[in-house]
Amino acid sequence: MPKQSHSKIPTPQPGETFHWNRYFTRRQFIKGSAAVLATAAAAAGGIKTGFKENQVAYASEETSGKTVAIPTICENCVWRCGAIAYVKDGILTKLEGNPEHPNSRGKLCPRGNAGIKVLYDPDRLQFPMIRAGERGSGLWRRVSWEEALDFTAENMQRIKDEHGPEAMIMSSTHNLTQPYFENLLNAFGTPNYGTQRSLCFNAMTIAFTYTYGIAQPGVDYDNCRYIIYTGRNLAEAISNSETQKMMEFAARGGKIVVLDPRFTITASKAVEWLPVKPGTDLAFFLAVNHVIVTEELYDRDFIEKHTVGFEKLKEALQSYSPEWAAERCEIDAGTIRRIAREFASYRPAAVAHPNWRTSNFRNSFQTQRAIAILNALMGNWGKPGGLTPEGEESGPELGSLPQPPYPKVRAPRLDGVPWKYPLVPLKYGVIQEIRDALLTGKPYQGKGWLVYRQNPLMSIPERRKTLTALKNLDFLAVIDILPNDTAYYADVILPESTYLERWDPIAPAGNKLFLRQPVVEPLYDTMSGLMILKELGKRLGLEDYFPYEKEQDIIKAQIAPFNIDFDELVKKGFYEVKESEDHEMHFQTKSGKVEINSSLLESVGEPGVPVWQEPPAPPEGQFYLLTGKVAQHSQFTTQNNQWLMELTPDNPLWINAAVAKRLGIKDNQKVVVESKVGKVISRANVTEAIRPDCVFLAAGFGHLSKALTIGYGAGVSNSALHETNTDKLSGCQALSETFVTVKPLNSEEIAGGETS
Ligand SMILES: Nc1nc2c(c(=O)[nH]1)N[C@H]1C(S)=C(S)[C@@H](COP(=O)(O)OP(=O)(O)OC[C@H]3O[C@@H](n4cnc5c(=O)[nH]c(N)nc54)[C@H](O)[C@@H]3O)O[C@H]1N2
Ligand SMILES: Nc1nc2c(c(=O)[nH]1)N[C@H]1C(S)=C(S)[C@@H](COP(=O)(O)OP(=O)(O)OC[C@H]3O[C@@H](n4cnc5c(=O)[nH]c(N)nc54)[C@H](O)[C@@H]3O)O[C@H]1N2
Ligand code: SF4
Ligand SMILES: [Mo]
């Protein structure tokens, strides 16, 4: 067992029952990863992990005492940057950006650099375990892989036999192994798939899909001259390559306008910061479009040749003057008019950015439609400086392994797609509805949940409800690398090897195919997701859907069409495919054109062009609760990372200085923040950088899992405060539609932190 085990209590032996809270004692950090000796894991009970075979000799005699550089891919967020790992005698000493990778361009962000502390996190899941006490009691039994996999498969099969496959929910957040997770889902025969998307970018991806036929277009930064970001905080909500390009764009004098109720770091790079009233971006864009259409500043040629519905738009925009908008969005009419004119004067090198986490208001989908349409008015599609048809993730089509067709699924989905949400794609889903269906038992009762690389207990609003739903399940299984909050309440935990210890399917980026490969041997008794899923499939009689013996078989099938030598790929970490042809102007929409007027929206009885939709506003004495990312953390994942926690240890509540003064709140003072559904005790960050009617809490903190010895007790959870409000068109969760009161913590109140 590894020497860095940070507890004096011995690691549990197979079969031994232990208490998590005792086993993982507090804060015994390892001092520098070089001091850590990685020892090989106990063999995974006769199951091949595929590590040894085709393995480059990283820690052989030949490399003894030398540092070797191994190319791989970062996994500390969803951006998939190419990384170079420096390994000496089997110990990871440094991570760097791979200059060959378009997503990293030679640099890693803080989270990417801190990947070393993911590998060497003493709280990591080190072996499979089965719950040995009440749910959430922290009592576990260390078991073998055979036992854990048998137990998981038996429970899934029992649920299928007794209640039908649809009683099993499976959910997962964006990852390279997701196609095989979907294989298990579809072969098992359940329609109940949960992804993070309805909490994230459903409003954007659905709006752009129904307008252009492409979910997430990119931006040609090199030639662009003017960008409007709407609640997109690239400087902190990092998308490595794009963040770099934005900074370069700002440095060479590109014009940036930022709409955000907060003065973010991105706003500090802007020429203009517009502290828009939350939820009213739609009014701003309707008015910008109004000016551009009435003053005929649009690209007539593009509109005539490539779009449908312009006349309907023109008509609908009539009443949305800048004066009308100013009353709603609190940006003055003169500014709106001026920005519209300036923006149009730069076309086609002017982009209204599609943004990313657009789950702010139920009207965010309409806002995104208005943004998509503004780009069409600029005729910037595929033009220098405009929107590019391909986002950062597209790439050449890969080969695949043969597999049988999926069984037919008859049951309706618990999340209401499509019977309640006809416009939401099946692959996106509406995860918060799954949680609610578990509580109501409607349209039927879900019984089991398999969670893979996701932390729904923290990421879905109204945490108290989610906890009740999880506790009521017959069976909950989690595949993770850390004892996250959802895992804490599970029945069985299947520990995945970290991204630095495993193979994953190929990740295309631009015209290159990149490889994730292990840079050190797995430290503990863990397995790759690909092998865990295969082993589960085997036990469920679904082996034909997992036609590989080891992970490399998948990679080899993927690269088969390209005549690539596998060993070359391992050494170099990527393969460059010939540039693809230029794209014709054809749009994958119903009409084959850019749908300014959406026939699909009309088909469900909605207006085909964006119209004003009044967002709710806080009553007197309450604030909009805003949420978002900080640069040093990823979602609900990195709050146990020693390096990142040294940089950003908690998430104080941002509150406007004048308001704080009125309420008698001083900087750093404890405050009670309360919504309709929850209450937390936070620390105030008194600042000028936020509108007076808003407060802000960064996402990620306030963990429930006591097995996260650094993360537990740090900061507060805003999911404990968030109400659930879902847009009926995009399924998007409206995260800024929660209103809170804030008051100084007085002595009667127990200073115990979170009370939700
Ligand atoms: N460091 C870091 N980077 C990340 C991530 C991470 O966890 N950490 N996660 C990645 C993921 S999954 C995503 S989805 C992206 C998210 O990327 P972004 O969408 O850019 O970032 P967020 O921080 O989620 O939210 C951005 C801003 O929305 C503002 N906002 C709230 N309500 C409104 C409103 O009504 N109008 C306007 N105009 N603004 C509003 C908030 O003040 C906040 O500053 O970041 C990605 N990059
Ligand atoms: N309050 C609030 N809520 C939000 C947001 C917000 O800003 N504020 N943001 C929303 C957004 S944009 C998103 S995308 C969602 C994200 O919501 P989730 O996807 O539920 O959250 P993550 O924290 O990304 O969960 C990732 C999980 O995967 C685990 N993990 C990391 N690496 C690996 C690995 O290699 N293998 C395995 N098996 N597991 C791994 C982590 O330990 C963690 O438990 O949350 C949404 N919810
Ligand atoms: S943006 Fe940062 S965390 Fe995300 S993949 Fe790139 S280096 Fe890793
Ligand atoms: Mo996201």
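This report walks through the salt bridges, two buried helices, one tyrosine and a ligand site in the structure above.

First, the ground rules. This is a predicted model, where local features need pLDDT of at least 70, side-chain atom pairs count only at pLDDT 80 or more, and totals for chains, interfaces and linings use all residues. Residues are numbered from 1 along each chain as its sequence is written, chains are lettered from A and ligands numbered from 1 in the order in which they are written, and side-chain values use heavy atoms, with hydrogens and water left out.

## Salt bridges

Side chains of opposite charge can pair when their charged atoms come close. Here a salt bridge is a side-chain nitrogen of Lys or Arg within 4 Å of a carboxyl oxygen of Asp or Glu, and the count by this rule is 38. Among them are the three in this table, with N to O distances.

| Acid | Base | Distance |
|---|---|---|
| E433 | K420 | 3.1 Å |
| D504 | R516 | 2.7 Å |
| E543 | K534 | 3.6 Å |

Let's take the E433 and K420 salt bridge. E433 lies in helix α15 (residues 431-440) and K420 in the loop between β15 (387-388) and α15, so the pair ties together parts that are 13 residues apart in sequence. Helices (H or I, at least four residues) and strands (E, at least two) are DSSP runs, numbered from the N terminus. How accessible are the partners? Buried means under 20% relative accessible area, exposed over 50%, and partly exposed in between, using a 1.4 Å probe and protein chains only. By that yardstick E433 is buried at 13%, while K420 is partly exposed at 42%.

Now the R516 and D504 salt bridge, at 2.7 Å. R516 sits in the loop between β20 (512-514) and α19 (529-539), and D504 in the loop between β18 (492-495) and β19 (507-509), so this pair links parts 12 residues apart in sequence. R516 is buried, with a relative accessible area of 0%, and D504 is buried at 0% too.

In the E543 and K534 salt bridge, E543 is partly exposed at 36%, whereas K534 is buried at 4%. Salt bridges that share partners also join E75, R453, E496, R502, D504 and R516 into one network.

## Two buried helices

Helix α20 (residues 551-559) has seven of its nine residues buried, so the rest of the structure largely encloses this helix. The buried ones are E551, Q552, I554, I555, A557, Q558 and I559. What covers them? The cover includes α5 (178-188), β20, α19 and α21 (566-572), with contact meaning heavy atoms within 4.5 Å.

Helix α6 (residues 202-212) is also largely enclosed by the rest of the structure, because 10 of its 11 residues are buried. These are N202, A203, M204, T205, I206, A207, F208, Y210, T211 and Y212. Their cover includes α14 (364-378), β15, β22 (594-595) and α22 (599-603). Right after α6 comes G213, with a positive phi near 85°.

## Y221 and its neighbours

Y221 is in the loop between β9 (218-219) and β10 (226-230), and counts as buried at 3% relative accessibility. Leaving out residues up to four places away in sequence, Y221 touches I227, Y229, L234, E242, K245, M246, F249, R252 and H353. With Y229 there is a side-chain to side-chain polar contact of 2.9 Å. Such a contact is a pair of N or O atoms within 3.5 Å; within protein, one must be able to donate a hydrogen and the other to accept it, and residues adjacent in sequence count only if both atoms are side-chain atoms.

## The site of ligand 2

Which residues come nearest to ligand 2? Of the 29 around it, the answer is T173, D480, N484, T637 and N718; a residue is near if one of its heavy atoms lies within 4 Å.

Oxygen atoms of ligand 2 have polar side-chain atoms close at hand: one from N484 at 2.5 Å, an N or O atom of R502 at 2.9 Å and an N or O atom of K629 at 2.8 Å. Taken alone, ligand 2 exposes 930 Å², and the protein buries 96% of that, with areas from the Shrake-Rupley method and a 1.4 Å probe. The elements giving two or more residues to the shell are α16 (456-459) and β17 (475-480).

By class, the shell around ligand 2 has 10 nonpolar, 12 polar and seven charged residues. Ala, Val, Leu, Ile, Met, Phe, Trp, Tyr, Cys and Pro count as nonpolar, Asp, Glu, Lys and Arg as charged, and the others, Gly among them, as polar.
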